[in-house]
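This report looks at a sheet and at the helices that lie across it. Please have the sequence and the model open while reading.

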Amino acid sequence: MADTPADKPKRRRTAKSEGAETPAAKPARASRAKASAKAAEAKPGTRTKKAAAPTITQSTPEKPARPRNAKAAPKPPEGTAKPAPRKRAAPKAAAAVAAPSAPKSTSAPKSTSAPAPTPAPVRAKERESFPEPPKMGWIAALGAAAAFGGAWFVWRASRAEEPDYQTIESDGAVEIRKYPSLVTAGTQVRGEREQALRDGFRTLADYIFAKSRPGAKLPMTAPVLADAPGDGGWRTRFIMPRGKARAELPAAPHGVELTAEPAARIAAIRFSGRADDATLETKEAELRSWLQTKGLPHEGKAVHAFYNAPFLPGPFRRNEVLVRLSDEGGMSA
């Protein structure tokens, strides 16, 4: 029976559909081919291959279907060693599934220790109220001023008029001097030595600076003499300026006495520092011992001579202990 033109297209589509293979049939045919290959290898007289490690094929891509006309690989003859099977590299996706890595954290690990407290900012008003430490410039300036003041007092004391004397003998700190006749203004105060010396100094200063008398001032001289007459008090004396006789001096107020002292030979020992009672006694003993060694007779009590103001630093002070020699009088207690 001849085909009608209407049947030809239908028959052509049917034949085409019979020869075509659906996508769902491809995996089934691939699995049958694997099963037949395994059955052929499991025949007696042949070694069985080790079962490959199961792989996870959840996310592996499907392999392309094996063509029908592909020939199986020839089997090696018996008795020959088989080459070691190649290990297949696990797909990246399978490895990722088998050993999932921990998610990377982009933030730094947090510290368990408590964060250090940040200091509060200081306001401008509070900063102004804080006292600033003294600067080194001010300290250096104060030190320089103190040094200058000490030097000024030393210079002024060195300018004070001193009596002219002749040095007869000198042995270290000890000297034998010859003084001319002098005029002194003295006052006597009862009490301890230092307090009596301060009170007597004020009384004599009022006299020479014209505070306790009328008239002109007198220049300050050195040294200031102090001794103990023996009646429980201390006598303080100022040496009057050179060229002034007793009659030429201003009249002395109550408590001040003007005395004319004759020329004398005096033994003196010089020292610096603070002239306290212990130091004065020690220096007097040294001087008398030196006089005994030299065979020089002496008599009377010692006289203390102070050349500087009491507020001058000790190393800049000049102090002396005087003892009158017995062959001549003058400047004695």
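Which residue follows H7, and what is the sign of its phi? H7 is followed by Gly 295, with a positive phi near 75°.

## Basis of the model

This is a predicted model, in which local features need pLDDT of at least 70 and side-chain atom pairs count only at pLDDT 80 or more, while totals for chains, interfaces and linings use all residues. Residues are numbered from 1 along each chain as its sequence is written, and side-chain values use heavy atoms, with hydrogens and water left out.

## The sheet

Nine strands form an open sheet with antiparallel pairing, in the order E1-E2-E7-E9-E8-E4-E5-E3-E6; strands are DSSP runs of E of at least two residues, helices runs of H or I of at least four, both numbered from the N terminus, and two strands pair if DSSP finds at least two bridges between them. The edge strands, each pairing on one side only, are E1 (166–171) and E6 (257–261).

Within this sheet, E4 (residues 224–227) and E8 (residues 303–306) run antiparallel and are joined by three bridges, and Val 224 stands opposite Phe 306 in E8.

## Helix H7

The buried residues of H7 (buried meaning under 20% relative accessible area, exposed over 50%, partly exposed in between, with a 1.4 Å probe and protein chains only) are Leu 280, Lys 283, Leu 287, Arg 288, Trp 290 and Leu 291. They lie on the same side of H7 because they cover an arc of only 155° around the axis, the arc being that of the directions from the helix axis to the C-beta atoms.

The face turned away from the buried side of H7 carries the exposed residues Glu 281, Gln 292 and Thr 293. The buried residues of H7 pack against E1, E2, H6, E7, E8 and E9, where contact means heavy atoms within 4.5 Å.
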